[in-house]
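User: Hello! I would like a close look at one part of this structure, and I'd be glad if you could walk me through it.

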Amino acid sequence: MDLSSIDPILLIAALIVAATPILLAAIGELVVEKAGVLNLGVEGMMITGAICGFAVAVETQNPALGFIGAALGGAALSLIFGFLTQYLLSNQVATGLALTLFGLGISALIGQAYIGVKPPITADLDIPLLSDVPVIGPILFQHNLMVYLSLGIVAGVWYLLKYTRVGLVLRAVGENHDAAHALGYKVVRIRMLAIAFGGACAGLGGAYLSLIRVPQWTEGMTAGAGWIALAIVVFASWKPWRVLLGAYLFGGITVLQLNLQAAGLKIPVEYLSMSPYLITILVLVIMSADRSRAALNAPAALGRPFHASS
Amino acid sequence: MTAPLLSIENVTKAYPGVVANSDVSFEITPGEVHALLGENGAGKSTLVKMIYGLVRPDSGAMRLNGGPFAPPTPNAARQAGIAMVFQHFSLFEALDVAENVALGMENPPRPRDLARRIREVSETYGLPLDPARRVGDLSAGERQRVEIIRCLLQDPKLLIMDEPTSVLTPQEVDILFQTLRKLSAEGTAILYISHKLEEIRALCDAATILRRGEVVATCDPREKSARELAELMVGATLAVPNRGGAVPGDVRLEVSGLTVAPANRFGTGLRDVAFEVRRGEVFGVGGVAGNGQEDLLAALSGEITAAPEAIRLDGVAVGHLGPNKRRSLGILAAPEERLGHAAAPDMSLIENALLTGEIREGLGRRGFLNWPAARRFADRIIEGFDVRTPGPAHAARSLSGGNLQKFVIGREILQRPDVLIVNQPTWGVDAAAAAAIRQALLNLAIEGAAIVVISQDLDEILEISDRFAALNEGRLTPPRPTQGLTMEEIGLMMGGAHDMEVAHVAE
């Protein structure tokens, strides 16, 4: 075994790439859940975003348009969920699970023509001066725009929830929809917007996989990333910065175990492959071990249907 | 006579199957404290929701300061100067006081200014509050202060209060009334909804009484007796409960050193509770909501088990037994929450009768159910307690609160308990049904049962119980005979006013 073949700088740079899709999906889901909606369809919205983004990018040969297409695709799928759960009051858990299955199916259908096609390359930003700084440069300043956008979204969501009236109203709706309604806030409209935002973020995450990380289209390529994003939101106690930590931890261990496999570590591959899932959940469980405080942070109306009776 | 602030003119609102308001008219002048009286389902809530913009009338008109007034949303109503304190608090437990206040305002100032203004208003009106505290940690009285301050910060012209005193101690009620009188002296009109008649007589200048959606009387409540008002509300004369004057016999239920952990995160648990109830005695347990009432019921019914010696029935230790074992011994209970705890909402009345009656009424044998017997038992309850329902096969959910409560209490009484524990037996029940339930409890005591009545309605406890004790953060005060007990003494037993001060009326 040769551990010296692992370059720590490349490892950190790679973990950011590996973590970004999950980060995007998770931060979107965080907003949805803060509004009191449990959308289990993240996996389906991610893979729909992956194929929509891939198809648009290939057809237009423009990765930026591809990402926009991915966001729209994910949002469109999430709005189906929103319509069913918010207006027709269907069960959120069942509808979310159905959305995942539907997303996997429709993405395979759209993707038939794109198997084996190469997408246009998304250029890395090469920030002058900063990217030449040793160690920090390659880690922080030689990524593509989506990495910085995902970090911007996390910071934006944190600021929005904590300091703005929009965020306060969103949290209020997720906390007690009956009281929010009695005060005159449009519960359903706010939730629909949150759901669409969550869908768009999941779509972006999916497109990051198909256009940058892999970059190729294969059926079922999200491989459970949406589920890990859902788990991260819960174990991060609905806190944006902890979502970032969880996603990067997951990405980091994913990359590390790949490197360890390549270095020929004498542990069966199956154990290495399951390690990111196990370790991420474990760390976040320990962080949220204080049950009473973690429970306080959970949106009280999460998953409960709202019907304005009066 | 000053010009009216708000006038309601011939307002009608119908829902499918029921007319909530029919041709309702009344007026409120600036500075007036106007009571809206009526039983549950008389249409008070619907009327208030129309004024607050949550519901629109089918016909009729409202006028504010002479101009037409038809708020399409609560925001519009708030902008017009109407504020409302809700019956079930419309607060967000996970958010702090300032955030809760900001959510109820149209244009909240910046957080720092808002915190300062909350402190100013709370001091002016004698309602101390820390803007940074999380609402989930506050007592019921403090939560109500949050709602009131949220309203006051908008300088309302009309303040609507929906059953504001149901969760307060008598001292807290006094302070609330002083705040309201100060507001009224400043020219704010108050629409006060309640069915506590003595309070209305003490506070209000005028009263509009609703029955089945119609105005049946407009009067000055200070010139009527509580009894006259009640009979206007109900539309019938009310029977005074008959105490029978049974002499308490041997000790049936003996509780000593009962300590249990809270059943849920917001519970308080019980600490070293001790009391005894004799044959033929009604023991009243008062206290502000959330001081361990639910834990006490659960510990006595067997939902929470305790040390065997903590609870004794006729001298036999039963503290470690579960609900079914205790039922077979003769301890029965009727919990507070009708839908979900006392009855399964989507199951029929027959099934609900069977759920607690199986053991004592012999409705099952070797795991098989005797449906004909269960139906007969349900029919007996319905007949004996005047439960208004199309039939025993209907779901518990379809009954009105009062009828379901009569069913739940009747179901336990017909099982001939030796000890019956009831929590809030007449909560949300109309006056006629409440009187029937109280009489049934008293009759049971006369027949020799020991009865524990846990209630937040002090008038009810004083009316039917022989001895009284109060729960305060899970501890029970030493019991005292009800006869000769004054409201002040009861208030002190309940823990008095939680750090409240009297409004600075001089300012």
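Which residues touch the most other members of the largest nonpolar core?

Analyst: Happy to help! Please keep in mind that this is a predicted model. In the largest nonpolar core, which holds 156 residues, the ones that touch the most other members are A:Ile22, A:Ala26, A:Ile232 and B:Ile160. The element that gives the most to this core is helix H9 of chain A, residues 187-213, with 16 residues.

Let's look at B:Ile160 in detail. Leaving out residues up to four places away in sequence, B:Ile160 touches B:Val48, B:Ile51, B:Tyr52, B:Ile82, B:Met84, B:Val85 and B:Leu191. Apart from the core of B:Ile160 lies another one, of 78 residues, and its members include B:Ile350, B:Val429, B:Ile437 and B:Met493.

Since the core names residues of both chains, the contact between the chains is a natural next stop. Here 18 residues of chain B are in contact with 14 residues of chain A. On the side of chain B that touches chain A, two elements give two or more residues: helix H2 (74-79) and helix H3 (97-103) of chain B. The largest share of that side comes from H3(B), with three residues.

Within chain A, there is a helix pair to look at as well. Helix H6 of chain A (residues 145-163) packs against helix H7 of chain A (residues 165-175) at an angle of about 80°, and their axes are 5 Å apart. H6(A) is therefore roughly perpendicular to H7(A). H6(A) makes the contact through A:Leu160, A:Leu161, A:Lys162 and A:Tyr163, while H7(A) brings A:Val166, A:Gly167, A:Leu170 and A:Arg171.

Back in chain B, helix H12 (residues 371-384) shows how burial can be laid out along a helix. At 1.5 Å a residue, its 14 residues should span 20 Å, and this agrees with its end C-alpha atoms, which are 20 Å apart. The buried residues of H12(B) are B:Ala374, B:Phe377, B:Ala378, B:Ile381 and B:Ile382. Seen down the axis of H12(B), these buried residues fall within an arc of 135°, so they line one face of the helix. The spacing has a simple background: an α-helix has 3.6 residues a turn, so residues three or four places apart point the same way. The buried residues of H12(B) pack against helix H11 (349-361), strand S18 (368-369) and helix H13 (401-413) of chain B. On the other side of H12(B), B:Pro372 and B:Glu383 are exposed. Just after H12(B) comes B:Asp386, which takes a positive phi of about 55°.

Note on methods
Residues are numbered from 1 along each chain as its sequence is written. Chains are lettered from A and ligands numbered from 1 in the order in which they are written. This is a predicted model: local features need pLDDT of at least 70, side-chain atom pairs count only at pLDDT 80 or more; totals for chains, interfaces and linings use all residues. A nonpolar core is a set of buried Ala, Val, Leu, Ile, Met, Phe, Trp, Tyr and Cys residues joined through C-beta atoms within 7 Å. A residue is buried if 20 or more other C-beta atoms lie within 10 Å of its own, exposed if 12 or fewer, and partly exposed in between; C-beta atoms are placed from the backbone. Helices (H or I, at least four residues) and strands (E, at least two) are DSSP runs, numbered from the N terminus. Two residues are in contact if their C-beta atoms, placed from the backbone, lie within 7 Å. The expected span of a helix is 1.5 Å times one less than its number of residues. The arc is that of the directions from the helix axis to the C-beta atoms. Axes are lines fitted to C-alpha atoms, for helices over the stretch in contact, and angles run from 0 to 180 degrees between N-to-C directions. Angles under 35 degrees count as roughly parallel, over 145 as roughly antiparallel, 65 to 115 as roughly perpendicular and the rest as oblique.
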